[in-house]
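User: I'm new to this one and would like to learn how to read it. Could you take me through a few features, one by one?

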Amino acid sequence: MQIEVKTRRSVSPTSSFTGGLLLLLAGVASAQPAPAPTEPAPAAVAGTIDGRVTPCPGGVLAQTELLLDANGQMRPLKLDSSGRFRVEGLAPGTYEVHTYVPGCEPAGYRVQVAAGQSTTLHAELVSTEGMETTIDVEGRKLTRAEERKASAEAVRVVELEQAHQQTADLGEVLSRNAGVSVQRTGGLGSSSRLSLNGFSGEQVRFFVDGVPLELAGFGVELANVPVNLLKRVEVYRGVVPVRFGADALGGAVNLVSSDGDEPSGASASLQAGSFGTWRGSLAGRHQFGEGGFFLKGHAFGDLARNDYRVDVEVPNAQGRLEPASVSRFHDGYRALGGGLEVGVANRPFAERLSLRAYGTRARKELQHNVVMTVPYGEARSTEAAYGALLSWTSAELLSGKLRLEGTAGHGVRDTGFRDTSAFVYDWHGNRVRERLQPGELSTAPTDRLIRQHSTFARLHAAHALTDSQSLRLSLAPTFVTRQGEERLLRGTGQRDPLRAQRELLTGVAGLEHELRTWEGRLENVTFVKGYLLRSRSEEVLAGDVTRRRDQTSGHVGAGLNARLLLPHGLLAKASYEYATRLPGPDEFFGDGVLILDNLGLEPETSHNANVELELRDLSTPAGTFRGSVGGFARLADQLIVLLGNDSVYTFANVYAARSLGVEAAAGWTVPGGWLSLDANTTWQDFRNASSEGTYGAYSGDRIPNRPWLFANVTASLRRGSLLRAGDEASLSVTSRYVHGFFRGWESQGLREDKQKVPSQLTHSLAVTYALPVRPAFSGTLEAQNLTDAKTYDFFGAQRPGRSFFFKLTMEL
C-alpha cells in the first residue's frame, strides 16, 4: 500500500512571483554551490516536521525504519519510545518520509514544509491487506509582507498591528524606524516632511496600494493618513521596483490598506486627547458569496485645536521684547474624508476589477510665520480632493505565466488660501491695531483658489519565462493641469496671474528581469527605466507681461537588486539605481499657499547604492534575536531642495549633493514573548557637493534643515490572561533622540550666531488592554513627550509638549 500526503496550494496569476519566492526561500543553509539538501536551512526560513508513527496491530515499533527523502538523498530518522520524531532546520520545499515497520504495509508520505512553520504528520500504518489511503497535510503560504521581506528589493516592512491600538500618528510610527525622519511644523494637520536617507519631499514618492497618494482618497499629507485604515507600510530605500511606475530619487513609501484577500469584516477607532484632538475612522469590506461581487468602504474624521503652549517673545509695557509662554490660538485643523470601492473578483475576464470613488476636505488655520516670530489671527488654508480610480487584474493568461494589471484614474484637488485680515494680532489673540493694508503674510491681501486636475494611468505586465526567471514591464504616464483664481481681482479688469498656463506631462517606463539561482538562495533583479518630462507654462512678469517657460527632456536609468541567503538566518542584500526624479506640480508651480513657483527647475538625478546584512528572528534558548546593519550612498546632481525665509518657501536646484550614511538596528524578545527590546540608529552625512554656481560658496556644507543623527529605543512588556482567558495587557515605552542641526548653510556667518535646531530627546508611554476575541476590542492610554521637552520642526517652530490620548478600537 502507498499512502500519499498531498499539499494544497493556492494557484493564482501571481504564482510566478510567489512561487519564485518560495523557491528562493527553499535554499539550504550554506553559501556553497552544491550543498546537501538536508543540511540545516537558515533560521529565518527553516521549517520543521513534527511526526508520530502508529504501527498497525501486531507491528513492532521498536524495529521501525524511518527515512527522510530530500531530492533523492536519504536520511535516517530516529523515533522515541512513543513513536514520535522531529526534524528541524529544513529548507521550505517538498520532502518524502518513508516508514518500514515489520508486520505493516510500507508507506510513503509527501510533506510540504513552509518557512518558519511546523508541519504535523501522523503516519498511521495498516496491515498488508489494508486499502490505499490519501491524506492531505497543509503548509502555510507566505504572506505578502513575508514575500516582500524575503525578496531582493531594498525594502523595509513596517507592520501596523500594534500601531492600530496606540495613538501615535503615521508620521510618528514611521519615524521610529532606521533611516526615516518625519519633521512637522506643529500638531495634527500641520505640514510634514518625510526624509529617507537624507532625501525628502517629492524626492520620496508616496503610494496607497501602489496608487499615488493624491489619487487614493486619504489626503495628501502622509503623516495625517489614519493608521487604522492601513495594514502595513513598505519603505523602499533609494531603489524603487518598476511596478510603481515612479520617478523617485530617494525611494518610495507604499501604504498597504489591503492585500485583496481579506474576509468580510469591519473596524472602527475613536481617539481623543490633549489640545482638543479627536480622531475617528471606519472601514468595512463585504464579500458576496465565494468570489464574485465585493464592496469596500472607509471614512475618517479629524478635529484639533492645537492650542498647546509655546515659548515666544512678546512686547512688555515699554515695548521691549521679553520671553513668555502662551497658548496657540489660531492653529485649528479639521478634516473629513471617505471612499467607496465596488468590484468583482475571480471572474473569467478578471481576477479583480474594481471602481473606487473618494472625496476629502480639510481646513487648517495658520498661527505664525516660518520661524515663529510673527503671530497670525485669521489666515487659513483649505483643501478638497475628489476623484475615481479604475483597477483591473487579468485572469490567468498563458497557463498562468502572464499577469496583467491596469490602473487609471482622475482626481481634482482644490487648494484655497485666504489672507485678508485687516488687523494685527498679538500672541494672546488680541487685535492690536488696524492694518494700513489687509493681509498678514504679505503686503497685499489674497483670497485664492487653485484647482489641479491629475490623470494617471499605469499598465504592468509580468511574465514567467521559466521556473527561475521572470520579466516585468511597466508604463505609467501622468498629466497634470492647473488653473487658479485670485477672487479679490473679480470685477477689477486686471489680469489674474493665477490663470497662466500650467501643464505638466510625465511618463515613466521600466523593464525588469528577475533571476533565481543556487536553489533559490540567490535572487538578482536588473532593470532599466526611461523618463519623459514635458511642461507648458507661462511666467508672469512685472507690468502684466508673460513669457513662455516650456521644457522637454528625457532621461534613462538602470539598476539592480541582489539578495543572498546565508547560514544562521542571515540575509545579505545589495542594490543600486541610477535614478531620475522629475519635478512635481507643487515644485514647478507652487502650492498656492506658502510655496512660490519656480518654472526653471530641472530634473534631478542620483546614483543610489545600499548594502545590508540582516539577521531575522534567530531563535535560541535565550530568546529571539534580530538585527541589521547597512550602509548607503546617494550621489545626486541638480538636487531640488526646499529653501525658505521668514515668510515663504521655494524649491531650487542645489546642483550637486552627496549623502553617505550607516543604519543599524537590533532587537531581542525573551522566551515566552513577555518582553521585547528594539533599538535603531542612523547617521547620515548629507552635503552640498557643488563647486561653482549659485551654491558653490557653500561647497562641503551640510544641506540645511536635515537631521543627521537620530536614534530610537522601544521596550514592550506583555502579559496574557490578565483579567480573563485570552486577553492581553501591554506596556510600551519609546524614546527618540535627534541631534541638533543648523537651519542655514553652516559656513555662512559666525558659528555662534547661527540659527540652530537644538538636540531633542522625547519619550512616550502607552498602556494597552486588548480582547482579541471577535468582536475584538482594545483600549490604550498614551502619554507623548512625557518629560515635556522642547521640540522643534525643521525650521525651529515649536512642536507640542506633554500630551495625553485615549484610543478605543473594535474589529468585527
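Analyst: Happy to. Keep in mind that this is a predicted model. Let's begin with a residue pair across two strands: V208 sits opposite V211, which belongs to β15. Strands β14 and β15 are antiparallel to each other, with two bridges between them.

User: What do β14 and β15 form, and how many residues lie between them?

Analyst: They make a hairpin, with two residues in between. Look at D209 in that turn: its phi is positive, at about 55 degrees.

User: Which strand runs parallel to β14, and how many bridges join the two?

Analyst: That's β17, residues 251-256, joined to β14 by five bridges. To find your place in this pairing, look for R205, which has A252 of β17 opposite.

User: Is β14 mostly covered or mostly open?

Analyst: Mostly covered. The strand spans residues 204-208, and five of its five residues are buried. Now check which way they point: V204, F206 and V208 go one way, while R205 and F207 go the other. Both sets are buried.

User: F207 has a ring. How do I read a pair of aromatic rings?

Analyst: You describe such a pair by how far apart the ring centres are and by the angle between the planes. This structure has nine aromatic pairs. Take F207 and F244: their ring centres are 5.0 Å apart and the planes meet at 35 degrees, so we call the pair tilted.

User: Where in the chain are the two partners?

Analyst: In distant parts, 37 residues apart: F207 is in strand β14, and F244 is in the loop between β16 and β17. F207 and F244 are both buried. Add Y236 and you have one aromatic cluster of F207, Y236 and F244.

User: Which residues lie over the face of a ring, F294 for instance?

Analyst: For F294 it's R285, at 5.3 Å from the ring centre. You can look at F742 too, where K756 lies over the face at 5.7 Å from the ring centre.

User: Let's finish with a loop residue. Where is G673, and why does it count as partly exposed?

Analyst: You'll find G673 in the loop between β40 (656-669) and β41 (675-688). Its relative accessibility is 26%, and partly exposed means between 20% and 50%, so that label applies to G673. Try one distance as well: E663 is ten residues from G673 along the chain, and their C-alpha atoms are 26 Å apart.

Terms used: Residues are numbered from 1 along each chain as its sequence is written. This is a predicted model: local features need pLDDT of at least 70, side-chain atom pairs count only at pLDDT 80 or more; totals for chains, interfaces and linings use all residues. Side-chain values use heavy atoms; hydrogens and water are left out. Buried means under 20% relative accessible area, exposed over 50%, partly exposed in between (1.4 Å probe, protein chains only). Helices (H or I, at least four residues) and strands (E, at least two) are DSSP runs, numbered from the N terminus. Two strands pair if DSSP finds at least two bridges between them. Rings of Phe, Tyr and Trp (its six-membered ring) pair if their centres lie within 6.5 Å; planes under 30 degrees apart count as stacked, over 60 as edge-to-face and the rest as tilted. A charge sits over a ring if NZ of Lys or CZ of Arg is within 6 Å of the ring centre and within 35 degrees of the ring normal.
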